Each structure stands twice: as C-alpha cells, then as structure tokens.
Amino acid sequence: MRNEHQGFSGLKVRLFLAAATIVGMVVLAGTYQGNMVRGAASGPMPRVTAITQITHDGYRKTNLLADDSQLYVTELPAEDRVIAKVSLPGSDRSVMASPFASLQALDLSPDHSRLLVSTSKNGESELWTLPVAAGSPQRVGDINGRDASWSADGKLLVFAEGPKIYLSDAAGVQAHELFTAGGSVFAPRFSPDGQRIRFTVSDTEHNATSLWEVGRDGSHAHALLSDWPYKSSACCGNWTADGNYYIFQASQTVPNTNLVVTSIWAVSNTDPAPVQITGGPMSFGSASVAHDSKKLWAIGVQPTVEVVKYAANKKKFVPVVAGLSATDLEFSADGKWITYVAIPEGTLWRSRADGSDRLQLTPVSERAALPHWSPDGKQIAYASMNQGASWKLSLVAANGGDPQEVLPESGSQIDANWSGDGQRLMFGDFNKDKAGLNIRVLDFKTKKIQTVPGSAGLFSPRWSPDGRYIAALSPDGTALMLFDFQTQTWATWLKEPAGTVSYPSWSGDSKYLYFDDLVNDAEAVRRVKVGNSEPEQVVVLPSLERYPGALGPWIGRAADGSWMFVRDRSTQEVYQLTLELP
C-alpha cells in the first residue's frame, strides 16, 4: 500500500486495517494498560490470561486465519504476497504453493479444506479457492472483490467491491447487490446463524473506519457503537463460533501522549459496551478466534525504522546514523547537525550529524513532523500536533527551550519553508471556515501574514532557494503549479497522475524540482526543469521496504546530496492469546 505526502491531503493518516498491510502501528516504550471501557453491567469481563509468541520469522504480515491446528497468514517477504501455513503448537512454517504471483488470504472454509483468496489480474481483484492440501485452485464464479467470506454453513458468500456489498451462493453464482455504504467496504463477516453481516466501512476523507451491520436480506443497515468514544477507529471484526461475542480491533491514544496503540476488543450480545482485552504495550490486530473461544491468534507489531541513503555508486542503501529509529531527518545548512522525528514516539530531536550530542526538543504529549532548520541553524520550524487538535506550525531553538506556536489561530498549517535570509516563513494553510486551502507567508519583522496571490486551493508549497519561485500542487494533485514572484502569476508546470509528485524539493541552484515518484512504473526519483514540462528520471531505486509514516513514505536529501529514505524495520509476528470469555 502506498501513500504520498501531498500537503494537507497527506494528513490522511494510515489506519491499522486487517485488509491492508499491518504497518506503522505504535508500540509504547514502557508498560501501558488501557482503561477498560464498559457499560454499567457488572460481573466478570473478558480478559487475556497469557500471551505466547508463535512466529519468529520477521516477515511483514496481514490477514491471519486459524483452524485451531494451523494458522494461515498472508506475508510480504518481498514485493509479492504469499500465504504461509504455520502448524500448531510446533510453529513449523511453510509457504503454500500457488500459481499466483501475489495473493491474499480472506477466509477459511467451514470444513477447513480450502482458503478463499484474492489475487490481482488486470487491475481487478479476482476471488479463488486454494486447497489447503492437494488440488488445484478454482475461480469463484466470475466475480471480483477486495474482501469476502463464507457463511458458517458454507452455503453463501458475501463479498465487497468498493462501497458495495454483494451476496451469492458459495460458488459465486447468482450474485446480487445487498447494500451500498458511504465508503470502501472490507472485512464482511456472517453471524454464526447466517442472518446478519457485519463489516467495516473506510472513510478516507475523515481518516476513520466504522463497524456496520446489515441483515442477510439487505434490511436494517446501521452503524454500530454509535456512542462509543473509539468508534471512528473500530474495524476488522468477527464473531466467536457460538455467536456470543464479536471480536474486533480499535485504536486509542495513550493518556498524556500522542502515541496510539491498537487493541483487541470484545462486545457481547448481552452488553452493548465493548470491553478492551489487550491494552499494550504491543499493538495487536487481525485477530482470529479458536472454535472453543479459549484462544485467539493475532498479529503483534513493534515498529522501528532506519534512515538510509542511497549510495548510487554501490547501488545500495546505507544507514545515515547507525541505530537511529527516526524519520523526517534534515541536515543543517553547514551539514554539522541533524534534526529528526523519533519513531515510534513522534518527538522532535536534534543531534550532531554522527548522532552524538542528542537533545529532545518537544514533549511526549506533542507529535512532530517535517522539521526544517533556519538558514542560520539557530531555530527549527516543524509541524506540531497535540491530541485532538489539528497540525500547527511551531518554532523551537536548536539548543532547546519551550516551542512556540507560529500562528495562534484556527485551522491547520504544515510544510514550513524558510526564506533565504530567514526573515520569512511560508507555509500551507487550511481553514475550512474561512479561505480553505491557500499558501501564506509570515514576515517575522513586521509580524504580518500575506496570502500568495492566486494560491487558493493549492497545497504542498516549496520555495525555491533563490526566492523567485513557489512550486505547489493543484487541488486534485494532478498538476504541479509554478508561481513567479517577478510576474506575480501562476502557470501549470507539469501534468501528472494524482500522487506522482511526492515530497518535492528544489535543487540548490533553483533550476530543478526533484520529487519521489511512487506511481509511474519503477519507483524513482525524478526531476523537472524550470521552463520545461517534461520530467526526467534521476535514479531508479532498488527494492526497499519503506516506512509509511503519518504523512506517507518520506524522502529527503543528505548533506552529501544523496537521497535519504526511511526503511521499515518493524517486526510483525503472530501471538497466541489465552482467553477468558464469560
């Protein structure tokens, strides 16, 4: 899954979804026990009594399925997805044979003989069955879908494509539309009696997911957990075999920090209030419950990353600072210092270029992003977000001190750009109650803020080093626009598919704009020259597991001119959780 940083559109933070690669989940340093959220009903609550790690292979994982003696997990050992079979209790692992270059496990048949899988062909997600033992894969009718599952008796199939849910027989025949949601649908699951279907709806506009239910006949469609405080992060659920509980996952912010932990929750048929059954320090997701409901298996994630630079002469990536788990790293103008955002904490730091003399600049209650040195190296401008608030620009002294908010007004600001003399700060601004998206410039001497003429609707601004130009993106992300301060006019510089221009940056001589192209063909750094509308490749990158980050896969420039990236070193392993479900 790829997500580009494009100014305010990049604020769509990646969610922990079982239907997508489970990456970027935050594990807390130290122990955190989440507060149980439950209604007034008294009595014993669901709880985990023991946790045992099952796998130790280091592969990225998603979509975990279990039949009590075998686990089936979609892995991403390289570019393609494979399905690994893990035996219990011995944890022996083997990759299931298939003719597909890439596939994903969706469900296990009630008799445990077949996996329901999806594979991409000509841009469509085809549904197939894959035998657990001997046999050949079989196409499920002629239907397509991003997610699907069988009913408990194996007679019906529910599948989702975009916002629509469809119902068919088990062979994919006689399919008909059941319901159209207000966003993309995934994780549709039948209740054990086959009368209801619960599913997750993704709302990318508001960075949210929600749980829904609809009758098998399409009636009584409604959202669940309407009064629950974490309803906008709930997703990816399934019933226990007896139908007494619905197990799902949801995220919450850890008190007094901006760290987020994803936990497993249970809601019973007798009490509508969810009960938290895992609470950190590890994030868990993609839960699969044993038939007797005494165990569940889940994927636990411990995120760590590494800033690397691409050594073109060696055609490989090398660490910038050994042992540093960080993103958004920038060198000072003299190349002697760096500033960066620590992962997973999200705090802002500065150190010498070799990683020594480290100093934390922001508190744990504040999440930082995109720091930029002032030209004189005395200050750092960065995007700051506190719990429940929008992104704001702040300044902090390189030698420490209390950060100061740049613009104490409503709205969001991001993408700080210093003028060459350090006297002005340009940024992207969004205020839905006023002008919407635009680009503004703050003059530190006069304390006045001006809006760049004609910048309404534009985002991700980049100020050229010579101060003459501004590069920015159009509202739909398909046009790179260029503003000339001499003529005070905007012109379309480059037309590209949406998402092509990621993390743009100017060359030192202001003649080129470089950008990370995550869309066209091979992943590459490209550039376009001022006065020319034809981009050219600078370097095609070898395979790299990039950390998605809150604002998309980051790219920057090292002091020696090489390109820097963030390699994902997170561990994702399967754990067995012993349950007590009253």
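How many bridges join strand S12 to strand S13, and in which sense do the two strands run? In this predicted model, strand S12 covers residues 164-169 and strand S13 covers residues 176-180, and the two run antiparallel, joined by 4 bridges. Across this pairing, Lys-164 stands opposite Thr-180 in S13, which gives the reader one pair of residues to find in the structure. The two strands form a hairpin with 6 residues between them, and in this hairpin Gly-172 takes a positive phi near 80°.

Antiparallel pairing appears again in an open sheet of 4 strands, whose order is S30-S31-S32-S33. The edges of this sheet are strand S30 (366-373) and strand S33 (404-405), each of which pairs on one side only. Strand S31, made of residues 379-386, pairs with strand S32, made of residues 392-397, in the antiparallel sense and over 6 bridges. Within that pairing, Tyr-382 stands opposite Ser-394 in S32. When following any such strand by eye, it helps to remember that in a regular strand the side chains alternate between the two faces of the sheet.

Strand S30 also leads to another feature, the second largest pocket, since S30 is among the elements that give two or more residues to its lining. This pocket has a volume of about 1200 Å³, and it is lined by 40 residues, of which Glu-330, His-372, Pro-465, Ser-505 and Trp-506 lie nearest its centre. Other elements that give two or more residues to the lining include strand S26 (326-331), strand S34 (412-418), S38 and strand S42 (502-506). By character, the lining residues divide into 20 nonpolar, 13 polar and 7 charged.

Strand S38, which spans residues 459-463, contains Arg-462. Is this arginine, Arg-462, buried or exposed? Its relative accessible area is 12%, and because buried means under 20%, Arg-462 counts as buried. The side chain of Arg-462 makes a polar contact with the side chain of Asp-415, at 3.5 Å.

Elsewhere in the chain, the structure holds 1 disulfide. A disulfide is a covalent bond between the sulfur atoms of two cysteines. Here the partners are Cys-235 and Cys-236, whose sulfur atoms are 2.5 Å apart, and both Cys-235 and Cys-236 are buried. Why is the disulfide of Cys-235 and Cys-236 called left-handed? The torsion about the S-S bond of Cys-235 and Cys-236 is about -80°, and therefore the disulfide is left-handed.

Conventions
Residues numbered from 1 in each chain as written. Predicted model: local features only at pLDDT ≥ 70, side-chain atom pairs only at ≥ 80, totals over all residues. Heavy atoms only, no water. Disulfide = S-S within 2.5 Å. Buried < 20%, exposed > 50% of the residue type's maximum accessible area, 1.4 Å probe, protein only. Polar contact = N/O pair within 3.5 Å; in protein donor to acceptor, adjacent residues only side chain to side chain. Pairing = 2+ DSSP bridges. 1 Å grid on protein atoms, 1.4 Å probe; cavity = no way out; pocket = protein on both sides within 12 Å on 5 of 7 lines; lining within 4 Å. Points joined across faces, edges and corners; volume = space filled by probe spheres on them. Nonpolar A, V, L, I, M, F, W, Y, C, P; charged D, E, K, R; others polar.
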